[in-house]
Amino acid sequence: MFRLWLVLFVVFLVYSCFVYSNCDKSRLPVTSPDKSVVAGWNTWQQKNCQSCHQIYGLGGYLGPDLTNAASAPGKDDKYLKIFIQYGTGKMPNFQLSDSETNNLVAFLKWVDKSGKSRVPKESVTWTGNYNLDN
Ligand code: HEC
């Protein structure tokens, strides 16, 4: 009985080392959130942006997913600022100050660095799993 326990324990140790040494640090957010990002995050929650927008697919569906809005082709800080500060016919104008707007943009850029929200079709293998290295 003791031998079996020992074998299981050793297998557990080897497996744990294997799992942790394979942890890909490049997938973690590049920076921890600075003051501006945290302030933007608070405004995001106070104004309930999530009620219409998703981050990683979670949130309301009236507006688009904003996980990677900051790096989408043709979109830059200016583009995001204009939407956030003035709204559109479909998105409300929240009368945000310049600093609130800049902080929200900083927040969205920070979220963007945390990964991709959509898995490209070519990354899905025949088993239905994702190959995240593509
Ligand atoms: C009532 C729903 C609603 C709320 C609340 C809302 N939005 Fe929007 N948002 C929209 C819609 C709808 C669009 C698309 C607008 C269009 O195409 O006219 C949009 C577009 C955007 C875009 C441009 C996205 C892109 O990729 O083109 C940004 C950035 C954005 N919203 C940020 C925010 C932020 C930040 C907040 C919170 C302060 C917020 N939104 C709150 C509905 C909303």
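Three exercises with worked solutions follow.

The model is predicted, with local features requiring pLDDT of at least 70 and side-chain atom pairs pLDDT 80 or more, while totals for chains, interfaces and linings use all residues. Residues are numbered from 1 along each chain, and side-chain values use heavy atoms, without hydrogens or water.

**Exercise 1.** Determine which residues coordinate the iron atom of the ligand, and what geometry the site has.

Solution.
1. His53 (NE2) and Met91 (SD) coordinate the iron, at 1.9 to 2.1 Å; donors are N, O and S atoms within 2.8 Å of the metal (3.2 Å for Na, K and Ca).
2. The six donor atoms span angles of 84 to 178 degrees, and the site is octahedral (six donors, opposite ones over 155 degrees apart and all others between 65 and 115).
3. His53 lies in the loop between α2 (35-46) and β1 (54-55), and Met91, 38 residues apart from His53, in the loop between α3 (77-86) and α4 (98-113). Helices (H or I, at least four residues) and strands (E, at least two) are DSSP runs.

**Exercise 2.** Classify His53, Met91 and Phe2 as buried or exposed.

Solution.
1. Buried means under 20% relative accessible area, exposed over 50%, and partly exposed in between (1.4 Å probe, protein chains only).
2. His53, at 11%, is buried; Met91, at 19%, is also buried.
3. Phe2, in helix α1 (residues 2-21), is exposed at 59%.

**Exercise 3.** Identify the members of the largest nonpolar core that touch the most others, and the helix that supplies its largest share.

Solution.
1. Among the 16 core residues, these are Trp44, Ile84, Phe107 and Leu108. Such a core joins buried Ala, Val, Leu, Ile, Met, Phe, Trp, Tyr and Cys residues through side-chain atoms within 4.5 Å.
2. At least two residues come from each of α2, α3 and α4, and α4 gives the largest share, six residues.

Methods. Four donors count as tetrahedral if all angles lie between 85 and 135 degrees; four count as square planar and six as octahedral if opposite donors are over 155 degrees apart and all others between 65 and 115; anything else is irregular.
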